[in-house]
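I opened this notebook to record what I looked up about the ligand site and the enclosed spaces of one structure. The entries follow the order in which I made the queries.

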Amino acid sequence: MTDSPHKNGTTRRGFLAGTAVAGAAAITGTVARADAPDPAITEVQPWARYLGEGVDARPYGTPSEHEAHVVRRNVEWLTADPISSVNFTPIHELDGIITPNGLCFERHHGGIAEIDPAQYRLMINGLVDRELIFTLEDLMRFPRENRAYFLECAANSGMEWRGAQLNGCQYTHGMIHNVMYTGVRLRTLLEEAGVQPEGEWLLAEGADASAMTRSIPMEKALDDCMVAFKMNGEALRPEQGYPVRLVVPGWEGNMWVKWLRRLEVGDQPWHHREETSKYTDLFADGRARRFTWEMDAKSIITSPSPQKPISHGPGPMVLTGLAWSGRGTIPRVDVTIDGGINWHEARMDGPSWDKSLHRFYYDFEWDGSPMIIQSRAHDSTGYVQPTKDELREVRGENSIYHNNGIQTYAVAADGSVENVEIA
Ligand code: MTE
Ligand code: CO
């Protein structure tokens, strides 16, 4: 067998023979150690001295105890109580594009509804030929589809309008998750009910204590919306709307009604608290914009980041992050490590699905000096992610929602990372 050339010219045989010494590792750029003997490999480790637990010890598997820090977290002072609150996905600890079910951020207005699936019903009423009530079993008898979509709360990054606030992408960008849904097209159910010609709006209502409602234009409802009952292959989690939630691809999370119980067809949008006050964007001149449903293209470097500092010295390193757009896919992400003087096209890896998260990497040799790092997403419509200052010129500083500005991190020589803004 011939030796395949290893990165930077070292060969596999050279590595195995242990020819490289510790000091040389940095010079050649090889990241693996070859300064044997290393007791972690030469000694029998504790876990090899006894037989482990058998197959039935963990009927529903959970992560290693060493991963106990990878959890959803909230920011206690953000909301008055945890019932009408939010916690955040630990995006700094994840890779790839799929969010594990137990780590999907939660946003509830009236706490988690615990629904008995046998008592679950979905009603379609209003301007339809036939008012219908579906059981969960009824829903399972329609042709179903599998699609991965991101859900981003419109308030994601909302604390950052006036400047860098929260130190960690979990807190600044973690109101997002990306899940493979299984469900029935909303269109299929609406066709079953027969939408009347004047039916141009849909009111989606949740079964939770907040009875949250949102108006959705019929055009979107008939396009790509889903009535989903599975996430990443298993039943929805109670936190995410068990047994059924609405999926509104690319649009703000607030419209993705959980614990979905009723869909009413009407001829105009409904007016209620969520839509008329809370989810409205202000402009600098005091005017407001309503009906800003599509999530603009955005990206975030997840590592290195304040909660994920660089843990090694100079040499090869992997910078990675997420990018997404409510209008399509992300063909390109640019990365800078010198505050925008030079931009490098990142390497996209993994599936590129419509309105789904995209994973990017920038693999480079870190010289050990401080860096100012940023990422900039381009979406399939040609839209380029703006800087925070460009956004503020249009929207002022009193906005809360739809902040998709470029995030800046300052990386120190010791590898620590801080949320900053540069002029
Ligand atoms: N649906 C109901 N019934 N009740 C709610 O409080 N919160 C909304 C939306 N759907 C909510 C709801 C908001 S504001 C968001 S951002 C998403 O659900 C959050 O979905 P998640 O908890 O799966 O992250
Ligand atoms: Co929300």
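For these entries I take a cavity to be a set of grid points, over the protein atoms alone, where a 1.4 Å probe fits but cannot get out. I say that a molecule sits in a cavity if more than half of its atoms lie within 2 Å of the grid points of that cavity. The model I consulted is predicted.

Entry on cavities. I asked how many cavities of 30 Å³ or more the model holds. The count came to four. For the largest cavity I noted a volume of about 220 Å³, and for the second largest a volume of about 80 Å³.

Entry on the largest cavity. I looked up what occupies this space and found that ligand 1 sits in the largest cavity. Its lining comprises 21 residues, and Arg107, Arg245, Gly253, Trp256 and Lys258 lie nearest the centre. I sorted the lining by class and obtained eight nonpolar, eight polar and five charged residues.

Entry on the shell of ligand 1. I then turned to the ligand itself and listed 22 residues around ligand 1, with Phe105, His109, Asp208, Arg245 and Lys258 coming nearest. By class, I recorded eight nonpolar, eight polar and six charged residues in this shell.

Entry on polar contacts. Which atoms of the protein face the oxygen and nitrogen atoms of ligand 1? I found a backbone N or O atom of Phe105 at 2.6 Å from a ligand oxygen atom. A polar backbone atom of Trp256 is 3.1 Å from a nitrogen atom of ligand 1. In the side chain of Lys258, an N or O atom is 2.5 Å from an oxygen atom of the ligand. I next checked coverage: on its own ligand 1 has 530 Å² of accessible area, and the protein covers 100% of it.

Entry on the second largest cavity. I counted 13 lining residues here, of which Ile91, Leu94, Thr99, Leu322 and Leu357 lie nearest the centre. The classes are seven nonpolar, four polar and two charged residues. I also asked which domains contribute to this lining. Domain 2 (83–289) and domain 3 (298–420) each supply at least three residues.

Conventions. Residues numbered from 1 in each chain as written. Chains lettered and ligands numbered in written order. Predicted model: local features only at pLDDT ≥ 70, side-chain atom pairs only at ≥ 80, totals over all residues. Heavy atoms only, no water. Near = heavy atom within 4 Å. Polar contact = N/O pair within 3.5 Å; in protein donor to acceptor, adjacent residues only side chain to side chain. Areas by Shrake-Rupley, 256 points an atom, 1.4 Å probe, with all protein chains shown as cover. 1 Å grid on protein atoms, 1.4 Å probe; cavity = no way out; pocket = protein on both sides within 12 Å on 5 of 7 lines; lining within 4 Å. Nonpolar A, V, L, I, M, F, W, Y, C, P; charged D, E, K, R; others polar. Points joined across faces, edges and corners; volume = space filled by probe spheres on them. Domains from an automatic or database assignment.
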